[in-house]
Amino acid sequence: MARNPVTWLGSPTFPQAAHKALADTQLRQNLRKATGTIRGRRAAAVGEMTDWEQLRVAGEQIKDDVLSRLDTLLVRLEESVTARGGVVHWARDAEEANRIVLGLCREENATEVVKVKSMATAEIGLNEALEAGGVHAVETDLAELIVQLGDDRPSHILVPAIHRNRSEIREIFRRRMGVEVSDEPADLAEAARVYLRQKFLTTKVAISGANFAVADTGSIVVLESEGNGRMCLTLPDTLITVMGIEKLVPTWQDLEVFLQLLPRSSTAERMNPYTSVWTGVTPGDGPQKFHLVLIDNGRTATLADSVGRQALRCIRCSACLNVCPVYERTGGQSYGSVYPGPIGAILTPQLVGDMHDPQAASLPFASSLCGACFEVCPVRIDIPSVLTHLRAEAVEAKGRTAESVAMAAAAWMFASASRYEKAQKAGSLARFLARDGRITSLPWPGSKWTSSRDVPAPPSESFRAWWRKNRG
Amino acid sequence: MRVALFATCLTDTFFPSTARAVVRLLERLGCSVEFPLGQTCCGQMHFNTGYREHAKPLARKYTDVFRDYDHVVAPSGSCAGMVREIHPTLGESPPRTFELAEFLVDVLGVTDVGAWFPHRVTYHPTCHSLRMLGVGDKPLALLRAVKALDLVELPDASHCCGFGGTFAVKNAETSTAMLADKMTSVLSTGAEVLCAGDNSCLMHIGGGLSRLRAGVRPVHLAEILASTEEDPWRATP
Amino acid sequence: MASSAKEEILARIRGARVPAAAPVVRGYHREGSGGVELFAERVADYRAVVRTVTDVPEALKSLRGKRIVAPSDVPDEWLVDGVTWLREPLSIEELDGSDGVLTGCAVAIADTGTIVLDGGVAQGRRALTLLPDHHVCVVRADQIAASVPDAANPPEPTRPLTFVSGPSATSDIELNRVEGVHGPRTLEVLIVT
């Protein structure tokens with residue numbers, strides 16, 4: 001099977017990538033500022049909802065319902081879309097999806113297409129595949145455009161250029177658009193408007209993702225802010241939408257839950273500026289050809305994992321990234337995947353589906369298990385539980401290592417109170433390594449700890465020794 | 001009330017003064033405290049590092065050791081969380097286990113435990129006590145009732161200190177970056193004592209502060225609450 | 001063969017053997033209480049222009065001297081003198097070259113300050129409200145629903161819908177919101193009481 005392009009070829013493991021990222025003071029500053037801003041704004045947007053917990057529960061349950069009858073709902077969606085003049089395509093993996101989309105572009109004789117920001121197309125590496133087939137894809141979302149013009153990689157689900165600050169963005173625009181522009185966000189937005197305007201007015205094929213698809217009606221929903229989405233969904237003759245098979249909701253009514261959960265969790269707004277909903281083709285309004293490409297690309301394997309499948313509830317809001325203390329320090333590129341942060345740490349390895357891949361296997365360990373991600377997740381994905389579940393898979397795949405031997409020894413020791421007590425006594429001898437009550441240097445792997453922290457000297461007497469002497 | 005103390009392996013081995021403080025405090029509040037010597041470790045390190053199979057017998061052992069007690073108290077939000085939230089997923093029905101602050105406020109129904117601690121203190125709510133157990137403001141309510149204690153708010157208190165068990169060594173650099181920010185917050189308060197309900201996190205932040213020779217001492221909540229005018233807290237070597 | 005991918009994906013889904021899910025509990029608020037005042041306040045929070053008016057033609061005099069697009073079925077009384085009204089059929093270039101567009105709406109949502117367009121009466125096709133840089137939208141007080149659940153179940157959900165909450169904006173630079181990108185940079189809402 002071809003490798004899943006959800007991870008970038010040649011990416012180092014998480015600790016190696018983090019080593020480099022942590023030393024980038026500009027990146028650290030940019031991330032600290034951006035995540036700090038959005039954390040505060042999200043807390044305010046969620047705080048004014050008195051029924052937030054009930055909405056989260058409903059969101060979780062609707063998505064679980066979808067996952068429990070995904071086959072019938074997908075067939076229903078296909079029927080609804082087809083009945084309204086759309087064409088539905090199915091793709092088992094990235095390669096198949098890319099081949100379908102490229103074929104559709106060629107049918108329209110398109111050499112350039114406009115794109116609405118879409119995680120699904122980033123996941124399958126669509127832009128690169130189109131480029132190789134002679135079709136240039138123009139990203140129209142501001143942050144995606146910044147990444148594309150900067151020959152960069154995305155680092156966030158919602159704002160792929162979050163690692164760039166305003167003056168870096170100005171430099172990219174100056175260099176690639178050939179315009180003089182200040183670093184005021186309003187001026188930068190204006191530059192993007194001017195740069196893309198003609199593309200919107202003249203391009204004949206657009207490619208989008210989908211936030212939701214209503215199985216009952218065949219309606220597709222895209223939430224956005226800038227209006228680039230509306231441009232792509234309205235003006236071209238042909239619209240190709242690429243969507244993960246888990247993006248379904250059963251009925252229209254279910255949207256009332258997600259239209260409340262997603263904007264507040266994502267951009268921290270009561271509602272995002274624009275939400276577009278379309279159903280197949282509408283004569284006289286918008287594209288007259290509509291293709292929906294449904295992709296699996298590792299999702300059905302994820303679905304088969306009873307603990308891991310909850311990752312498929314994800315609505316790509318990125319709230320978990322914004323509150324994650326690891327993400328805030330390392331940035332998104334350290335995860336080596338289009339899905340970074342806590343959700344990326346559980347989704348990426350499952351989509352890759354190979355715990356022998358050292359990069360993917362390192363991701364579930366990129367967390368202190370602090371639980372901030374679970375607390376904010378609008379569909380209540382218990383990310384810490386999935387992380388420990390995937391860690392177990394990674395450990396199993398690795399087989400016998402120095403760590404596994406040490407862990408087995410520790411488990412053997414803890415299994416008996418008397419062995420444990422003997423180990424305590426032996427360990428307390430380490431206090432002779434201490435000076436002034438602290439140990440400042442230990443041999444490997446203890447050196448990983450003492451590189452930045454002291455260790456308290458073990459006491460001369462454990463608590464149980466004291467208890468035995470005084471109370472026993 | 002008959003209470004079993006689950007000291008946790010870390011506190012038993014490295015921080016016996018905390019466990020002695022729990023005994024002193026609970027006895028002062030009228031409890032009869034027992035320490036079943038068969039106890040060892042809740043299995044959290046194994047479970048969280050991906051060694052679920054090794055964690056299972058430890059969870060079983062925990063159930064066996066404490067099954068006859070109505071109340072088990074642990075001076076650790078993390079270990080109490082492991083028992084309450086994770087042990088059931090390993091097939092156990094663990095005995096009722098409480099983190100210390102929860103036990104005091106919810107079971108004994110006290111916030112003023114008669115403590116005296118004449119120091120400037122800041123409190124770090126540890127992640128598992130906050131998000132796994134939901135202890136909320138209970139530790140702060142207990143600290144506010146301590147006589148002579150000058151409680152100062154910790155900025156960004158709910159942010160993780162970067163410990164995370166084996167995360168601290170597997171991703172040592174990221175852990176250190178998180179620690180650096182936590183230490184900055186602690187130092188900004190001007191507190192002389194950093195208090196928390198978990199010795200693991202205190203060992204992490206305290207280890208960083210010690211390396212910096214920052215002059216801030218980590219002290220477990222139990223030791224502050226056990227301290228009285230007659231029998232005040234003393235730094236143990 | 002095209003169908004083989006479909007069959008294989010469906011077979012994999014069935015093979016995953018996901019147990020049936022619990023019924024969905026809709027414990028959230030199904031009905032809100034907000035009205036005109038809340039709607040006006042929430043629209044204004046997006047830095048849109050909000051005017052509460054009783055006389056629409058009078059209010060539209062502010063458009064005099066401009067070239068404004070009007071969908072074919074707007075009320076005649078809205079077409080006040082002194083404005084160059086652009087009527088369908090209109091090319092993309094003509095829409096892009098206009099000064100603004102005047103429409104009604106299908107429904108509005110007080111809680112979120114949202115206007116919903118469904119291409120129905122006085123709204124036109126989607127491009128009309130997209131390309132002109134200034135969107136004037138007339139909202140009758142009786143069109144304002146209190147909450148998202150109150151409004152999100154349109155009788156004809158298969159029409160193309162656009163939910164508009166303020167002027168076009170972006171949070172892509174340092175995660176802070178700035179208004180004005182590709183969509184109309186000025187949104188003017190006339191609430192008719």
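**LUD domain, chain A.** I looked up the UniProt record, an unreviewed entry, which places "domain: LUD" at residues 76-281 of chain A; such annotations may be inferred rather than shown by experiment. The model is predicted: local features need pLDDT of at least 70, side-chain atom pairs count only at pLDDT 80 or more, and totals for chains, interfaces and linings use all residues. Residues are numbered from 1 along each chain as its sequence is written, and chains are lettered from A and ligands numbered from 1 in the order in which they are written. Over residues 76-281 I noted 44% helix and 20% strand (DSSP runs: helices H or I of at least four residues, strands E of at least two). The end C-alpha atoms of this stretch are 17 Å apart.

**Chain C against chain A.** I found 61 residues of chain C in contact with 75 of chain A (C-beta atoms, placed from the backbone, within 7 Å). On the chain C side, α1(C) gives the most, with 9 residues. That side has 30 nonpolar, 19 polar and 12 charged residues (charged means Asp, Glu, Lys and Arg; nonpolar means Ala, Val, Leu, Ile, Met, Phe, Trp, Tyr, Cys and Pro; the others, Gly among them, are polar).

**Strands across the chains.** I saw that β9 (residues 274-279) of chain A pairs with β9(C) in the antiparallel sense over 4 bridges (pairing needs at least two DSSP bridges). C:Leu161 is the bridge partner of A:Val277.

**Two helices in chain B.** I checked α10 (residues 172-188) and α11 (residues 199-211) of chain B, which pack at about 75° with axes 10 Å apart (axes are lines fitted to C-alpha atoms over the stretch in contact; angles run from 0 to 180 degrees between N-to-C directions). The two are therefore roughly perpendicular (65 to 115 degrees). B:Leu179 and B:Met183 of α10(B) are among the contact residues, as are B:Ile205 and B:Leu209 of α11(B).

Technical notes. Contact = placed C-beta atoms within 7 Å. Parallel < 35°, antiparallel > 145°, perpendicular 65-115°, else oblique.
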